[in-house]
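Grab a coffee and open your viewer: here are some short exercises, each with a worked solution. Try each task yourself before reading on.

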Amino acid sequence: MITHELLSKLARYYIDKYFSWLFQGPRENQFAVYEVLECRSKVMFTRSLPYTIVNTIISPSSIIGMLLHEGFGVVFSEECAGYCKIYSKEVEVDGVRYIINGWPDYYDGRKIIELKYTGHPVKEPEHKHVQQVRMYMWLTDAKIGYLLYITPRKVYEFEITDPMTDTEVVELLRNWTSPRDPSECSQCMFRSVCPYCVDKVEKREQATQDRESR
Ligand code: SF4
């Protein structure tokens, strides 16, 4: 089946380009922007089982998003020439130094643009996406950022003018919860093995309450 061949090539391309570092051993105290903004337990699961990353690549919406990003990168390669790279910054949290790495979809030396693909209309930008743009602005020193949601019927644009501060980044690292947001668990591939999955935690709490009320 041709789909096997295409998916295999796409997955290899994407892993080689963006996730090869996952297979290169531990990178203690070094995190990517997208990692810091998601569940800590999920990050640790993905780092210890790097081949599971393929699950996030082969869904149809991921394929559309992936091809959109790659096409965008090609079309705007001239504007981003010299700026299309991984940016890094160090922060210290309670005496421990952390390195944060990020590769914005678009940065031309002045503005950041982060693309998102979704099949649904967008009323408000997702908090996590806004944080991602703000963190890229912090990393690159860009003063303005845009969040662009591409949907089948409309393009939604949100302007962001407040870069994340050092203090906010430190707080994100210091208070890195599992999950960051309870809604993360319902879509998480590790939910069946994760002790922090909100469903399980709620069930455990309910069982404890039931025992205590007997
Ligand atoms: S199930 Fe929830 S808490 Fe566990 S790794 Fe996934 S998102 Fe994080």
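Bear in mind that this is a predicted model.

**Exercise 1. Place D162 in the fold, classify its exposure, and give its separation from Y13.**

Step 1: Start with the secondary structure. D162 belongs to the loop between β7 (155–160) and α7 (166–174).

Step 2: Check the accessibility. The relative accessible area of D162 is 40%. Partly exposed runs between the 20% and 50% cut-offs, so D162 counts as partly exposed.

Step 3: Look along the chain and through space. D162 and Y13 are 149 residues apart in sequence, and their C-alpha atoms are 34 Å apart.

**Exercise 2. Take two residues from the fold, M135 and A32, and compare sequence separation with C-alpha distance for M135–V33 and A32–I144.**

Step 1: Locate M135. Helix α6 (residues 127–140) contains M135, and with 0% relative accessibility M135 is buried.

Step 2: Work out its pair. M135 and V33 are 102 residues apart along the chain, yet their C-alpha atoms are separated by 7.0 Å.

Step 3: Locate A32. That residue is part of strand β1. Its relative accessible area is 10%, so A32 is buried.

Step 4: Work out the second pair. A32 and I144 are 112 residues apart along the chain, with 21 Å between their C-alpha atoms.

**Exercise 3. Find the backbone oddities: where is the cis peptide bond, and what is its omega?**

Step 1: Go to S178 and P179. The peptide bond joining S178 and P179 is cis, with omega about -5 degrees.

Step 2: Put the proline in context. P179 sits in the loop between α7 and α8 (198–213).

Step 3: Keep both residues in mind for the ligand exercise, as S178 and P179 are among the residues surrounding the ligand.

Step 4: Now scan phi. N29 is not a glycine, but its phi is positive, near 60 degrees. The loop between α1 and β1 (30–32) holds N29, which is partly exposed at 24% relative accessible area.

Step 5: Do the same for D94. Its phi is also positive, about 50 degrees, although D94 is not a glycine. D94 lies in the loop between β2 and β3 (96–102). The relative accessibility of D94 is 59%, so this residue counts as exposed.

**Exercise 4. How many aromatic pairs does a search of the whole structure find? Then describe Y14–Y18 and Y87–Y107.**

Step 1: Run the count. The whole structure gives 13 aromatic pairs.

Step 2: Take Y14 and Y18. Their rings are 4.7 Å apart centre to centre with 55 degrees between the planes, which makes the pair tilted.

Step 3: Place them. Both Y14 and Y18 lie in helix α1 (residues 2–19), four residues apart, or about one turn of the helix. Y14 is buried, at 17% relative accessible area, whereas Y18 is partly exposed, at 25%.

Step 4: Move to Y87 and Y107. This pair is edge-to-face, with 5.6 Å between centres and 80 degrees between planes. Y87 is in strand β2 (residues 87–93) and Y107 in strand β4 (residues 106–107), so the pair ties together parts that are 20 residues apart in sequence. Y87 and Y107 are both buried.

Step 5: Follow the ring pairs outward from helix α1. Y14, Y18, F19, Y34 and W103 are linked by ring pairs into a cluster.

**Exercise 5. Which residues surround the ligand, and where does the ligand sit?**

Step 1: Find the empty space. One cavity of 30 Å³ or more turns up in a search of the whole structure. The largest cavity has about 100 Å³ of space.

Step 2: Examine the lining. It is made of 13 residues, with C39, K42, C185, C188 and C194 nearest the centre of the cavity. By class, the lining has nine nonpolar residues, one polar and three charged.

Step 3: Add the ligand. It sits in the largest cavity.

Step 4: List the shell. Around the ligand are C39, S41, K42, S178, P179, E184, C185, C188, R191, C194, Y196 and C197.

Step 5: Sort the shell by class. The ligand's shell splits into seven nonpolar, two polar and three charged residues.

Technical notes:
Residues numbered from 1 in each chain as written. Predicted model: local features only at pLDDT ≥ 70, side-chain atom pairs only at ≥ 80, totals over all residues. Heavy atoms only, no water. Near = heavy atom within 4 Å. 1 Å grid on protein atoms, 1.4 Å probe; cavity = no way out; pocket = protein on both sides within 12 Å on 5 of 7 lines; lining within 4 Å. Sits in = over half its atoms within 2 Å of the grid points. Nonpolar A, V, L, I, M, F, W, Y, C, P; charged D, E, K, R; others polar. Points joined across faces, edges and corners; volume = space filled by probe spheres on them. Phe/Tyr/Trp six-rings, centres within 6.5 Å; stacked < 30°, edge-to-face > 60°. Helix = DSSP H or I, 4+ residues; strand = E, 2+ residues; numbered from the N terminus. Buried < 20%, exposed > 50% of the residue type's maximum accessible area, 1.4 Å probe, protein only.
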